[in-house]
Amino acid sequence: MNILLTGGAGFIGYQWCRRLAAKGHKVVVLDNLSAGPKPKFPAGVRFIKGDILRPDDVSRAFEFGPFDRIDHLAAESSVPLSSKSPLSGFENNVLGTVYLLEACRLHHVPEFLFTSSSTVYGRAAVPTPEEAPFSPASNYGASKAAAECYVMSYARIYGFRARILRLANIIGPTATKGVMAELRAKLSKNRKMLKILGDGTQAKSFLPVEDALDLFEIVLEKSTESVGIYNIGSGKMTTIREIADAVCRDMDCHPVYAFSKTRGGWSGDVEEMNLSVKKVAELKKR
Ligand SMILES: NC(=O)c1ccc[n+]([C@@H]2O[C@H](COP(=O)([O-])OP(=O)(O)OC[C@H]3O[C@@H](n4cnc5c(N)ncnc54)[C@H](O)[C@@H]3O)[C@@H](O)[C@H]2O)c1
């Protein structure tokens, strides 16, 4: 397949790019490198430094089409940042997605994969199934929910397949954001004291990136829905204190923990998150 991958220089996108290339797909990466430097892509991957918000950059990528699928992973992906600068999340996640959908429509791309997030559910009862309503507690979650709506409407009106993946917290040694990366960064500056955002009892679902990508593949290979929505998580919850313990063990240090007084860690934080993964588990069995 010839695949346009946005956000292919990011944490998940880069691992996805390597996997696609290893499977023999042709991959064109479009990324503005706003989240970090350009990684070393596998041979054969074409990299375009460009912004999904700039139609000229998107057109440049389409010179390497026609594409069989767009894998749209580019996003402003920080919950705290979405509280501090809401317009940036709106532009990158909502407008950027609509621009790509528009390109998908004009170039007759038959399939669109979109990485959404557990944050579209907000403070929902856990484990949360795909049928739960949107109720975002963060601007980031709101931007993903709005973008999802456009993915659904474009797919239904213009007749392409859409795969919407609502991801739990994805972890891995190369992650630059998220609680594990933040704790590691703090410990590399001070191994004696670790400031933990929240009271440590927040409990969430974490999934290693390679396991998440296995589930991406299952959805792409087996889902027959024209618009398929799937939770991508571990089905288990881990407290932030347990995560801190694991990071400390890994880094072989024993700091004193300093917790916040509130249960939530930051603006827009959800204290409990666990996605029901029954739907993707059923798909796996097919
Ligand atoms: N990592 C997680 O735990 C997690 C959880 C839920 C959902 N997601 C979603 O999965 C996707 C990948 O997440 P990630 O952790 O790899 O994020 P990331 O921040 O590491 O990567 C995002 C990439 O998109 C690029 N980008 C951002 N805005 C762009 C723009 N306007 N034009 C072109 N490129 C742009 C960045 O340069 C970066 O390389 C995102 O859509 C994110 O919202 C991630």
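Start by selecting helix α1, residues 11–22: its 12 residues reach 17 Å from first C-alpha to last, close to the 16 Å expected at 1.5 Å a residue. That expected span is 1.5 Å times one less than the number of residues. Helices here are DSSP runs of H or I with at least four residues, strands are runs of E with at least two, and both are numbered from the N terminus.

Before moving on, a word on what you have open. This is a predicted model: local features need pLDDT of at least 70, side-chain atom pairs count only at pLDDT 80 or more, and totals for chains, interfaces and linings use all residues. Residues are numbered from 1 along each chain as its sequence is written.

**Around α1**

Still on α1, show the side chains of Phe11, Ile12, Gly13, Tyr14, Trp16, Cys17 and Leu20, which are buried. Buried means 20 or more other C-beta atoms within 10 Å of the residue's own, exposed means 12 or fewer, and partly exposed is in between, with C-beta atoms placed from the backbone. Now bring up β1, β2, β4, β7 and α7 (209–222), which are among the elements covering those buried α1 residues. Contact here means C-beta atoms, placed from the backbone, within 7 Å. Just after the helix, click on glycine 24, where phi is positive at about 90°.

Next, colour β1 (residues 2–6) and β2. The two strands pair in the parallel sense over 5 bridges; to count as paired, strands need at least two DSSP bridges between them. For one such bridge, pick isoleucine 3 and its partner in β2, valine 27. Strand β2 itself, residues 26–31, is mostly covered, with 5 of its 6 residues buried.

**Loops with odd backbone angles**

Follow the chain out of β2 into the loop that leads to β3 (46–49), and stop at leucine 33. Its phi is near 60°, a positive value in a residue other than glycine. Leucine 33 is partly exposed, with 14 other C-beta atoms within 10 Å.

Jump to proline 66, in the loop between α2 (55–62) and β4 (69–72). The peptide bond reaching it from glycine 65 is cis, with omega near 0°. There is another cis bond to look at between valine 126 and proline 127, where omega is about -10°. Proline 127 sits in the loop between β5 (111–117) and α5.

On the loop from α4 (86–106) to β5, select histidine 108. Phi is positive at histidine 108 too, near 55°, and this residue is exposed, with 12 other C-beta atoms within 10 Å.

**Into α5**

Alanine 146 is in helix α5. It counts as partly exposed, with 18 C-beta neighbours inside 10 Å. Draw a distance to leucine 95: the two are 51 residues apart in sequence and 9.6 Å apart in space, C-alpha to C-alpha.

**Two domains**

Now zoom out and colour by domain. Domain 1 covers 2–170 + 206–232 and domain 2 covers 172–204 + 237–272; these bounds come from an automatic or database domain assignment. Their C-alpha centres lie 27 Å apart. The contact takes 22 residues from domain 1 and 14 residues from domain 2. On the domain 1 side, select α3 (79–84), α5 (139–158), β7 (169–171) and β10 (206–208), the elements that give two or more residues to the contact. The largest share on that side, 4 residues, comes from α3. By type, the domain 1 side divides into 11 nonpolar, 10 polar and 1 charged. Here Ala, Val, Leu, Ile, Met, Phe, Trp, Tyr, Cys and Pro count as nonpolar, Asp, Glu, Lys and Arg as charged, and the others, Gly among them, as polar.

**Last stop: α8 and a small set of strands**

Select α8, residues 240–251: 12 residues that reach 16 Å, close to the 16 Å expected. Its buried residues are Ile240, Ile243 and Ala244. Look down the axis of α8 and these buried residues fall within an arc of 100°, so they line one face of the helix; the arc is that of the directions from the helix axis to the C-beta atoms. Covering them are elements including α6 (179–189), β8 (193–196), β12 and β13 (256–259). After α8 comes aspartate 252, with a positive phi near 55°.

Finish on the open sheet of 3 strands, ordered β12-β9-β14 with mixed pairing. Its edge strands are β12 (238–239) and β14 (272–273), each pairing on one side only. Strand β9 (residues 203–204) runs parallel to β14, joined by 2 bridges. Pick lysine 204 and you will find its bridge partner in β14, methionine 273.

Key:
Contact = placed C-beta atoms within 7 Å.
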